[in-house]
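Q: Could you take a close look at one part of this model for me, and then walk outward from there? I'd like a connected account, in plain bench language.

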Amino acid sequence: MAVPTLTATHHRAVATLLSAPRLAPYLRAGGGNVRAALTLYQWNVEMSSAVYKMLHLVEVFLRNAIDARLRVWNATQVDPRSGRPHSQEWLLDPSRLIERIVRRDEIDKATRRARLAVNDSAASQRTVTHDDVLAQLTFGTWRFLLPGRDPGRQLLWQEAIREAFPGLRRPVRDLVRDIDRLHRLRNRVAHLEPLLVVAVVIVQLKAARRVLREIEPSAEMWLVSHQHVSSVAAQRPALVPEMPDGPLSEN
């Protein structure tokens, strides 16, 4: 199929459909030129895709590392109502502390999403498992399980979650800062926000590498081998000067 030739009329129509507020940062970065702004917008789509892929890997590695430690820890906790130890399935049988920190309503929401996903994908209905629910938790769950002012989070870190980061040699607050940075980036990508400052995105890639290195060096190597953030960043279109014929000039 032949690639259509886009004219100034096409560019203006696309700009209108994207809306002035959404296109505004790209117009500013493109010196008021519609074509340059749309080129930047398309580049931003590619950058968002590359960042999302990076964050996908980080989230899965982070989630599974923390899950493994919480499974062990939850099974050491005694249910005060029954006097029996909880199971390793901390999402289906959470101890009191996990239920408070993760929040019962968030676990219930994840369980409902898991049930819908299972019903949509399975040929016959089956019971929702711990792993089904785990897959439905958000990145924010892992961010807010990390230590903070809450004494319960500090305790959970000391007794369980710190073991998910065997390579950690820096202050834990620096680890929390990196994961918080990645959580915020995840939200920016999810809301289709601009990622126009390449230096900031590269800083976040370095944060991802540090976190994975502290979980398992092989995970960092896997990320480095498969990420496209660096190559897309290098392809960022150059800025153009302000056009003499107004903020919506075409050439």
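A: Let's start with the buried side of helix H10. In this predicted model, the residues of H10 that count as buried are Val201, Gln204, Leu205, Ala207, Ala208, Val211, Leu212, Glu214 and Ile215. Gln204 and Glu214 are on that list too, alongside residues such as Val201 and Leu205. A bit of helix geometry helps in reading a list like that: with 3.6 residues a turn in an α-helix, residues three or four places apart point the same way. As for the helix itself, H10 runs over residues 198–215, which makes 18 residues. From first C-alpha to last, H10 reaches 26 Å, close to the 26 Å expected at 1.5 Å a residue.

What sits over those buried residues? The cover includes helix H3 (34–74), helix H9 (172–190), helix H11 (217–226) and helix H12 (229–234). Two of these, H3 and H9, are worth following.

Take H9 first. Asp180 lies in this helix, and Asp180 is buried because its relative accessible area is 16%, under the 20% cut-off. The side chain of Asp180 makes a polar contact of 3.0 Å with the side chain of Arg143. That partner belongs to helix H7. Arg143 is buried as well, at a relative accessible area of 12%. So here a polar contact joins the side chains of two residues that both count as buried. Setting aside neighbours within four places in sequence, Arg143 is in contact with Val176, Ile179, Asp180 and His183, and also with Arg153.

Arg153 leads on to the largest pocket, since Arg153 is one of the lining residues. The others in the lining are Arg100, Ile101, Val102, Arg103, Glu106, Thr138, Gly140, Thr141, Phe144, Leu145 and Asp150. Helix H4 (96–102) and helix H7 (139–143) are the elements that give two or more residues to this lining. The largest share, three residues, comes from H4. Sorted by class, the lining has four nonpolar, three polar and five charged residues. The space in this pocket comes to about 220 Å³.

One lining residue has an unusual backbone. Most residues other than glycine have a negative phi. Arg103, though not a glycine, has a positive phi of about 85°. You'll find Arg103 in the loop between H4 and helix H5 (104–121), and with 43% relative accessibility Arg103 counts as partly exposed.

Ser19 is another case: its phi is near 90°, again positive in a residue other than glycine. Ser19 sits in the loop between helix H1 (8–18) and helix H2 (20–29). At 27% relative accessibility, Ser19 is partly exposed.

That brings us back to H3, the other helix to follow. Leu38 is found in H3 and is buried, with a relative accessible area of 13%. Apart from neighbours within four places in sequence, Leu38 is in contact with His11, Val14, Ala15, Leu18 and Leu23. For a sense of distance, Leu38 and Val51 are 13 residues apart in sequence and 20 Å apart in space, C-alpha to C-alpha.

Technical notes: Residues are numbered from 1 along each chain as its sequence is written. This is a predicted model: local features need pLDDT of at least 70, side-chain atom pairs count only at pLDDT 80 or more; totals for chains, interfaces and linings use all residues. Side-chain values use heavy atoms; hydrogens and water are left out. Helices (H or I, at least four residues) and strands (E, at least two) are DSSP runs, numbered from the N terminus. The expected span of a helix is 1.5 Å times one less than its number of residues. Buried means under 20% relative accessible area, exposed over 50%, partly exposed in between (1.4 Å probe, protein chains only). Contact means heavy atoms within 4.5 Å. On a 1 Å grid over the protein atoms alone, a cavity is a set of points where a 1.4 Å probe fits but cannot get out, and a pocket is an open set with protein on both sides within 12 Å along at least five of seven lines; lining residues have an atom within 4 Å of a point. Grid points are joined across faces, edges and corners, and a volume is the space filled by probe spheres set on the points. Ala, Val, Leu, Ile, Met, Phe, Trp, Tyr, Cys and Pro count as nonpolar, Asp, Glu, Lys and Arg as charged, and the others, Gly among them, as polar. A polar contact is a pair of N or O atoms within 3.5 Å; within protein, one must be able to donate a hydrogen and the other to accept it, and residues adjacent in sequence count only if both atoms are side-chain atoms.
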